[in-house]
Amino acid sequence: MRDRLLTRWRGILLSLVGIVAIIWLAVTGQLGLYIHPRYYEFTVIMAVLAGVVVLAAFAIVPTAPASDHDHVDADHGGHDGHDSSDLGAAVPPRPLRRRDTVWAVAAGVVIAATVGALLIVPPSTLTTATVDQRDLNASAAVTDTSATETLVGSDTAAFTIKDWASLLRQGAGEDYFAGKSATLTGFVTPDPTDPDDVFYVARFVVTCCAVDAQPVGVPVYLPGWQDSYAVDTWVEASGTFGTNPSTSSSQPIVFEPADITPVDQPAEPYVY
């Protein structure tokens, strides 16, 4: 009975930690680091409902009855005629008690780790480490030809990194990019085909949550960029587009910056 109660209480505590984390992220404006803004309201409502259920569970979960703790003593006092083997049968074997202890310690570690990950460690946006695990500019967000056709002829003043990356990915030629200027804000990540001379100003496109986030970016030609800008640094770059001078990079057209300024990570680091 005691083991069943402990298991239920651990589940309730883990649920409570998750609920508190969601509410805290929503209140501090950091929920966008994990999910698309269109799911904010739904997520908060569900967290509140879950909190009501957890509070109800505190009232419903029973405590261990006293008889569970006292039955062994009662056996000792009321049945003097029992032999030692009968009394010994009521005591859990030592390997079983050792296993229970191990499980209890493991559960405590899991709960402590969950509290640390959700409530103590500051939330952070995805970085180059995630870019390396996923193909840059390979998501449907930049490979949709119909979306790209809509961009051609549109006012570029409102273009995001995703829009420029989509045009580059779909092969909009030099004639289209000639004379066009842009201001890009994103984090620095190296071009895998020419990391010495080219880097990307990149962001992640989120469809549902951070799990499905896909990196998009615009290649920037700037030899020796590592001397001025560290990987994952957020920058704002202004300039124009032109033919890529690099003989190693696979990108035919690159962004030629006139000015690059380090900036703080924006409140909404992802694009949608």
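A residue is called buried when its relative accessible area is under 20%, exposed when over 50%, and partly exposed in between (1.4 Å probe, protein chains only). Keep that scale in mind for the views below, which show a predicted model in which local features need pLDDT of at least 70, side-chain atom pairs count only at pLDDT 80 or more, and totals for chains, interfaces and linings use all residues. Residues are numbered from 1 along each chain as its sequence is written, and side-chain values use heavy atoms, with hydrogens and water left out.

**View 1. The whole chain, with its 10 helices and five strands.** Helices (H or I, at least four residues) and strands (E, at least two) are DSSP runs, numbered from the N terminus. Of the 272 residues in the protein chain, 32% are buried. A contact means heavy atoms within 4.5 Å; among contacts between residues at least 6 apart in sequence, 66% join residues at least 24 apart.

**View 2. A nonpolar patch on the surface, made by F42, I45, M46 and L49.** The patch covers about 400 Å², and I45 belongs to helix α2 (residues 40-60). With a relative accessible area of 43%, I45 is partly exposed. Patches are made of residues with over 30% relative accessible area and no salt bridge, where like charges are joined within 9 Å and nonpolar side chains (Val, Leu, Ile, Met, Phe, Trp, Tyr) within 5 Å. A salt bridge is a side-chain nitrogen of Lys or Arg within 4 Å of a carboxyl oxygen of Asp or Glu. Accessible areas come from the Shrake-Rupley method with a 1.4 Å probe; for residues, only the protein chains shown count as cover.

**View 3. Helix α9 (residues 161-169), largely enclosed by the rest of the structure.** Eight of its nine residues are buried, which is why the helix is described as enclosed. Among them are W164, L167 and L168. After α9 comes G171, with a positive phi near 85°.

**View 4. The largest nonpolar core, with 29 residues.** Such a core is a set of buried Ala, Val, Leu, Ile, Met, Phe, Trp, Tyr and Cys residues joined through side-chain atoms within 4.5 Å. Residues with the most contacts inside this core include W164, F177 and F255. Elements giving two or more residues to this core include α9, α10 (174-177) and β1 (181-190); the largest share, five residues, comes from α9. Look around F255 and you will find that it touches A182, L184 and V218, among others. A second, separate core of 11 residues includes L126, V206, A210 and Y270. In soluble globular proteins, nonpolar side chains tend to be buried together.

**View 5. Two cysteines, C208 and C209, with sulfurs 4.4 Å apart.** A disulfide is a pair of cysteine sulfur atoms within 2.5 Å, and a search of the whole structure finds zero of them. C208 is in no disulfide, and neither is C209. Both are partly exposed: C208 has a relative accessible area of 32%, and C209 has 21%.

**View 6. Two loop residues with positive phi, N137 and D232.** Most residues other than glycine have a negative phi. N137 has a phi of about 60° and lies in the loop between α6 (128-131) and α7 (140-143). At 9% relative accessible area, N137 is buried. D232 has a phi near 80° and lies in the loop between β3 and β4. D232 is partly exposed, at 30% relative accessibility.

How values were computed:
Lists of a residue's contacts leave out its neighbours within four places in sequence.
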